[in-house]
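User: I would like to learn how to read the empty spaces and the helix contacts in a protein model. Could you take me through them step by step?

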Amino acid sequence: METLFDHALIDANRLRALRGEPADFLLNVVARELAERLSVIDRRFERAVELHGHTGAAARAIVETGKVDALERVESNRRFAGQGEAVVVSPLETVPLEPQSVNLIVSPLSLHLTNDTPGVFVQIRRALKPDGLFLAAIPGSGTLQELREVLLAAESEIAGGASPRVIPFPDVRDVGALLQRGGFALPVTDKESYTVRYDSIFPLMKDLRAMGMANPLTGRSRRPLTRGILLRAAELYAERFSDPDGRIRATFSIIYVSGWAPHESQQKPLKPGSAKMRLADALKQGGQE
């Protein structure tokens, strides 16, 4: 298995962000969206778990729905817990839960940083009780596409080559395939895109650091971008992705995921050959009407 992400660096980046002034607006948006999606489900969940939510925003929003009896947090470092708050400490790719032990697992903005994402999906499904629910928000393809393009262009132009500066993000179809491969029933994926505007590339990059989203790729260049490359990237960004008022756009595309642990009460697709009417006959009948 290829190791794309440096998990020790991810922890360091996130902890550094928490010590400063964290830019948590994206986590807060995702937390509200996940809570809204849970609130329309006619079900109570006895035991819920938030996996690696960083700030706990999703956990708080889920509790406020009144849909869960108890909620626990799993984090990769105890320092992600609030004052007096208990968390279970576990690495990013380990789900420290007994098989069929919880009713709801929520993962906000962390699964895109796993090296063995299929394995994590399988662990989540195994930890759910039958008919338990998995909800997640995963940054997907299109996220920071503007920044990726201008950094690549500026570094190639000035340095004669470029190294990865923005991590790869999954496609919504790939995430849907992971749900099916992980053994989830009734899998659903959809994508919402959010546009954030900035005065220039520099406050955007400051916000990314304050989100704990500095480059964690194991194959990243250890040499920081030069001032000349950053200034050229700022020029390209303003040329290609600015609005009439001069402000630039940054896209965050979030894939929302839901899947259920299989249970006999759930709806199942009809078996091939079990239809009572041929498709051709149905179409013919519809045409006559």
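Analyst: Let us begin with enclosed space, keeping in mind that this is a predicted model. The largest cavity holds about 60 Å³ of space, and the count of cavities of 30 Å³ or more comes to one.

User: How does one find such space, and which residues line the largest cavity?

Analyst: The general idea is that rolling a probe the size of a water molecule over the atoms shows where empty space is left. Here the lining of the largest cavity is made by Leu51, His52, Leu92, Thr94, Val95, Ser107, Ser110, Leu111, Thr114 and Val120, and by class these residues divide into five nonpolar, five polar and no charged.

User: What is the volume of the largest pocket, and which residues are closest to its centre?

Analyst: The largest pocket has a volume of about 790 Å³; of its 39 lining residues, Arg165, Leu208, Met213, Ala214 and Asn215 are the closest to the centre. Helices H1, H2, H5 and H7 each give two or more residues to this lining, which has 25 nonpolar, seven polar and seven charged residues.

User: How should I describe the way helix H4 meets helix H6?

Analyst: One looks at the distance and the angle between the axes: those of H4 (residues 117-127) and H6 (residues 172-181) come within 9 Å and cross at roughly 45°, which means that H4 is oblique to H6. The contact is made by Thr117, Pro118 and Phe121 of H4 together with Val175, Leu178, Leu179 and Arg181 of H6, and these residues divide into five nonpolar, one polar and one charged.

Conventions
Residues are numbered from 1 along each chain as its sequence is written. This is a predicted model: local features need pLDDT of at least 70, side-chain atom pairs count only at pLDDT 80 or more; totals for chains, interfaces and linings use all residues. Side-chain values use heavy atoms; hydrogens and water are left out. Axes are lines fitted to C-alpha atoms, for helices over the stretch in contact, and angles run from 0 to 180 degrees between N-to-C directions. Helices (H or I, at least four residues) and strands (E, at least two) are DSSP runs, numbered from the N terminus. Angles under 35 degrees count as roughly parallel, over 145 as roughly antiparallel, 65 to 115 as roughly perpendicular and the rest as oblique. Contact means heavy atoms within 4.5 Å. Ala, Val, Leu, Ile, Met, Phe, Trp, Tyr, Cys and Pro count as nonpolar, Asp, Glu, Lys and Arg as charged, and the others, Gly among them, as polar. On a 1 Å grid over the protein atoms alone, a cavity is a set of points where a 1.4 Å probe fits but cannot get out, and a pocket is an open set with protein on both sides within 12 Å along at least five of seven lines; lining residues have an atom within 4 Å of a point. Grid points are joined across faces, edges and corners, and a volume is the space filled by probe spheres set on the points.
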